[in-house]
Amino acid sequence: MQMTGQTGQTDATAVPRRAQDGVAIRVRGASMVFGTGPQRHCVFEGISFDVRSGEVFCIVGGSGCGKTTLLRQIAGLQRPTSGEILFEGAPVTAPSRERAIVFQDYGRALLPWRTVRANVRLGISPGSVSRQDAEAEVTRLLAMTGLAAAAEKYPSELSGGMQQRVQIARCLAQRPRLLLMDEPFGALDAMTRQSLQDELLDLVAREGITVIFITHDLEEAIYLGDRVMGLGANPGRILTTLDIALARPRHQLTTREAAEFIARRHQLHQLIVGH
Amino acid sequence: MMRPILLHRFTLMLLSALAFLALWQAVAQMGLVKRSFLVGPVDAFAVLWRQTLNGSLAASMLATTHRMVTGFALASGIGILLGAALGSSALVRRLLMPTLDAIRPLPASAIIPVAILMFGLNEAMSVFVIAFGSMWPVLLGTVHGFQNVPVGLRELARVLEMGRLRAFLTVHLPSAFRDIFPGLRTGLALALIMTVVTEMQASLPGLGYDIFVAQRSYRSADLYAALIVIGVIGLCINQILVWAERRLFPWASSR
Amino acid sequence: MRRPPVNLLPAGLAARMTNLVLSLIVPATLLIGWEAAAAGGYIDEGAFSRPSSIARAGIAAILDGSLLTATLQTLQAAGLGLLVGAVTGAVLGVFLGLQPMAEIATRPTVEMLRAIPAIAFTPLALLVFGFGLALQMVIVAYATAWPVMVAALAATRGIDRRLLEVADVLEMGLARRLRVIILPAVFGRIVVGLRTAMGFALVVSVTVEILANPRGLGYQLILAQQSFRPDLMYACIVWLAGLGAAAGALSNLLNRFSTEMAR
């Protein structure tokens with residue numbers, strides 16, 4: 001990381017809590033169940049998995065498998081009805097800046113009355129760095145996410161893809177150790193989607209962030225992921241967790257044509273779609 | 001294309017306004033209507049010119065505007081604070097909203113006698129009545145605004161670990177402001193009305209009182225002059241608010 | 001998040017009971033505190049009569065008929081003024097909506113007149129009409145005409161041009177055109193304007209009575225204050241709040257009626 005002068009010392013908790021065992025997120029028997037008796041409704045039950053530090057972990061599944069709920073539990077926005085979630089060894093009880101989240105609905109996750117620059121600046125913890133350093137960091141992130149020209153615009157003046165870039169830049173400004181993404185590219189056209197996928201991979205590689213990425217698109221999951229976890233629906237459950245042995249950096253044409261890619265796609269398709 | 005049409009419209013408006021004034025003057029001069037009822041614009045503007053020269057117009061306008069702004073500022077302060085509390089807390093809402101709903105339908109001017117008993121016929125009474133009358137739209141707009149902060153933005157505040165105050169200032173208040181502003185707008189219009197009413201009722205110096213005095217002494221030209229000035233103040237308020245809306249919500253206009 | 005249905009009835013009933021109790025806490029505390037403070041001699045009953053004497057004064061005013069007479073006078077002026085104002089406003093609005101040139105030409109005059117609060121015309125109307133129903137009616141009509149006019153104008157301008165062209169092709173006369181195309185198209189919006197106007201009518205009617213006109217509830221109110229009868233004054237205020245609430249309910253009814261019609 002080529003930072004502009006900030007040191008990690010301002011954030012005293014950052015160093016000692018980094019997971020020694022290489023596990024960023026440990027989910028143990030997480031459940032989401034409403035009601036009891038005949039009215040009992042189970043979104044998912046007893047889900048357990050680990051996400052390793054530094055990997056891109058994709059969760060893929062159709063609607064109703066509870067993938068968004070699971071991500072919100074990891075973010076700390078919702079509590080599991082039973083089971084527990086550990087972030088670098090400590091239980092998740094509330095949202096934290098260390099776990100940045102890119103919401104699916106970009107239209108409602110940016111402050112419409114603030115410019116792009118000011119929205120990204122929100123990510124920087126107030127008082128953590130000097131004003132100049134903060135501005136320099138925002139400028140760096142805007143350039144990195146291709147938003148330099150749009151810095152003084154308002155979100156409503158931007159396309160969907162650009163708005164999603166603003167969310168990603170804001171999340172990076174949080175200096176997170178974990179980036180949670182809830183179908184971030186679901187509402188974008190195919191071209192924008194592919195370029196954002198590549199930009200994302202490039203960014204997380206440079207910043208060294210663990211990513212949990214949710215999607216309903218099997219190919220997107222394989223293309224981005226180091227590992228892909230497939231979820232089944234009604235009730236939500238883990239069908240499989242696959243290692244993706246594709247070289248990085250990945251490439252939209254060659255990666256998607258690789259034998260490994262096609263094999264994994266078949267495997268997931270049969271498990272999740274079923275025919 | 002745009003420019004000639006705009007110019008054309010503007011000329012039409014100007015000409016028609018002049019035509020209206022001419023018609024008004026003609027009707028007044030024909031003597032069909034008693035002079036004490038209808039005075040032509042020439043006489044009315046003559047009065048305005050005289051009042052401008054001797055400073056009485058400026059004094060009246062200043063007194064009225066000052067009273068209106070004081071009452072309205074009080075109303076906005078209370079309306080926004082109370083509205084924020086009501087809009088953010090379901091408990092406060094359940095405790096207070098039914099009581100407020102019971103008071104709200106009361107015609108605002110009915111509070112005048114109470115205010116007279118409490119304060120006497122003076123400035124404080126006037127400001128109280130103006131504030132009472134113009135507070136309701138602000139309050140309702142604020143409650144609505146705070147109740148309707150988008151869930152996504154609330155969660156954003158949580159994810160960024162904002163404290164209560166910071167979340168209030170950076171997320172909740174600006175988000176609610178879109179609903180507060182129309183309330184302020186209606187409130188300011190009501191404030192002007194209540195100002196004129198209390199000036200008439202309590203004989204406080206200002207344009208409302210000028211109208212009253214003019215009527216009692218049968219000086220109709222003065223009466224029309226004061227009406228024109230009140231109209232101009234009303235128009236100015238509207239223009240200022242239109243301008244303020246554009247300044248305050250630059251992000252909304254480009255949509 | 002999809003949530004499965006839960007048993008709504010008992011929970012809803014319990015919530016409603018809690019709401020009722022919570023909503024009564026504040027007014028009950030205020031009233032009891034007020035009564036107790038007055039009984040203990042802590043507040044000036046010349047300005048704040050105690051709730052029990054207000055209730056007594058109110059009941060007496062209802063029984064001797066004075067409150068009802070005054071109410072009828074206020075409502076009569078409000079109702080007739082609203083009728084005149086709404087009809088004038090609707091006719092003007094539709095006319096200006098159909099004649100864009102006339103609308104542009106009259107806009108400065110209309111904007112200027114609209115900016116003057118109706119109440120400010122009270123002294124002038126008093127000169128012309130003297131005390132009585134007409135004075136009050138005219139002011140109410142002036143106040144209520146504008147919201148209806150603005151709504152009618154916007155609605156008429158918003159009519160699909162093709163509909164009007166159809167009327168041209170069919171060579172419809174004005175009466176038929178109004179009945180078949182224009183009025184059905186603008187009805188809903190005019191009702192919205194009418195609801196705003198209804199809100200104004202009662203307020204303006206009472207205000208004119210307070211300021212100048214010796215009739216109706218507003219006059220009763222100011223009379224009670226001036227003759228040192230705060231109990232009667234507060235009783236009038238409570239009554240007026242009730243009247244305002246009733247007007248609000250009527251307005252909501254009108255809204256429901258018009259949405260039913262539109263369906």
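The following exchange takes up strands, helices and a chain contact in a predicted model.

The model is predicted, with local features requiring pLDDT of at least 70 and side-chain atom pairs counted only at pLDDT 80 or more, while totals for chains, interfaces and linings use all residues. Residues are numbered from 1 along each chain as its sequence is written, and chains are lettered from A and ligands numbered from 1 in the order in which they are written.

Biologist: Which strands of chain A stand at the edges of the open sheet?

Modeller: Strands here are DSSP runs of E with at least two residues, helices are runs of H or I with at least four, and both are numbered from the N terminus; two strands pair if DSSP finds at least two bridges between them. In chain A, 4 strands form an open sheet with antiparallel pairing in the order 2-1-4-5. Each edge strand has a single partner, so one side of each is left without a neighbour in the sheet, and these are strand 2 (41–52) and strand 5 (90–91) of chain A.

Biologist: Which residue stands opposite V27(A) in strand 4 of chain A?

Modeller: Strand 1 (residues 23–34) and strand 4 (residues 82–87) of chain A pair in the antiparallel sense over 5 bridges. Opposite V27(A), in strand 4 of chain A, stands I85(A).

Biologist: Which residue takes a positive phi in the hairpin of strand 9 and strand 10 of chain A?

Modeller: Strand 9 (residues 227–232) of chain A runs parallel to strand 3 (residues 56–61) of chain A, joined by 5 bridges, whereas strand 9 and strand 10 (residues 237–243) of chain A pair in the antiparallel sense over 6 bridges. The hairpin of strand 9 and strand 10 of chain A has 4 residues between the strands, and the residue with a positive phi near 50 degrees is N234(A).

Biologist: At which residue does helix 8 of chain C bend?

Modeller: Helix 8 (residues 174–211) of chain C has 38 residues, yet its end C-alpha atoms are only 43 Å apart, short of the 56 Å that a straight helix would reach, the expected span being 1.5 Å times one less than the number of residues. The bend, taken as the angle between axes fitted to the seven residues ending at a residue and the seven starting there, is about 50 degrees, with P184(C) following within four residues, and it falls at L183(C).

Biologist: How many residues of chain B are in contact with chain A?

Modeller: Contact requires C-beta atoms, placed from the backbone, within 7 Å. By that criterion, 17 residues of chain A meet residues of chain B numbering 14.

Notes
Two residues are in contact if their C-beta atoms, placed from the backbone, lie within 7 Å.
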